[in-house]
Amino acid sequence: MSVIRRASVLVASVILAGAGMAGTASAAPKAAAQSPDAAAGYSCTNWWKVYGSPHVGIQISCTGGYFTAWVDCYKSGYGTYRHFGNRVPSGGTSTVWCDVDGNPVAGGFTPS
């Protein structure tokens, strides 16, 4: 894991710890089946879409330690942005939602 990636994971963890659930804007790849920040010792399912009126989001399940799901969403007229889900223990499922009219384009997890 690069120094820049580690620093971004640390910053995301601090934001989550201080604010509970945070949403931040970020440019990101258009699609990814697996998390690019997958950590050694973690085993995760591929993320899957979940639907709740009027939101669309993703869920991901992992073992190996506490983790937080993230999703990159695309919204017409706004662009791509990132949201973080709930922090859960090993074996749990983290859920994260896009804004209304947002659509998940990539997702993964961050050890937390």
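Let me start in the loop between strand 7, residues 93–97, and strand 8, residues 103–111, because that is where Asp101 is found, and please keep in mind throughout that what we are looking at is a predicted model. The backbone at Asp101 deserves a careful look, since its phi is near 70°, which is a positive value in a residue other than glycine. Is Asp101 buried or exposed? With a relative accessible area of 64%, Asp101 lies over the 50% cut-off and is therefore exposed.

A second backbone feature sits in another loop, the one between strand 3, residues 48–52, and strand 4, residues 55–63, where we find Pro54. The peptide bond that joins Ser53 to Pro54 is cis, with omega at about 0°.

Now to the interior. In general terms, nonpolar side chains in soluble globular proteins tend to be buried together. In this model the largest nonpolar core has 13 residues, and the members that touch the most others are Ile60, Phe67 and Val71. At least two residues of this core come from each of strand 4, strand 5, which covers 67–75, and strand 6, which covers 79–88, and it is strand 5 that gives the largest share, namely four residues.

Phe67 leads us on to the aromatic rings, of which a search of the whole structure finds three pairs. In one of them, the ring centres of Phe67 and Phe109 are 6.4 Å apart and the planes stand at 90°, so this pair is edge-to-face. The two partners come from distant parts of the chain, with Phe67 in strand 5 and Phe109 in strand 8, 42 residues apart, and both Phe67 and Phe109 are buried. Another pair brings together Tyr78 and Tyr81, whose ring centres are 5.5 Å apart with planes at 80°, so that this pair, too, is edge-to-face. The surroundings of these two tyrosines deserve separate mention, because Tyr78, at 55% relative accessibility, counts as exposed, whereas Tyr81, with a relative accessible area of 3%, is buried.

Which residues do ring pairs link into a cluster? They are Tyr42, Phe67 and Phe109, so Phe67 appears both in this cluster and among the core residues that touch the most other members.

I will finish with a contact between a charge and a ring: the charged end of Arg82 sits over the ring of Trp70, at 3.8 Å from the centre of that ring.

Key. Residues numbered from 1 in each chain as written. Heavy atoms only, no water. Buried < 20%, exposed > 50% of the residue type's maximum accessible area, 1.4 Å probe, protein only. Core = buried A, V, L, I, M, F, W, Y, C linked by side-chain atoms within 4.5 Å. Phe/Tyr/Trp six-rings, centres within 6.5 Å; stacked < 30°, edge-to-face > 60°. Lys NZ or Arg CZ within 6 Å of the ring centre and 35° of its normal.
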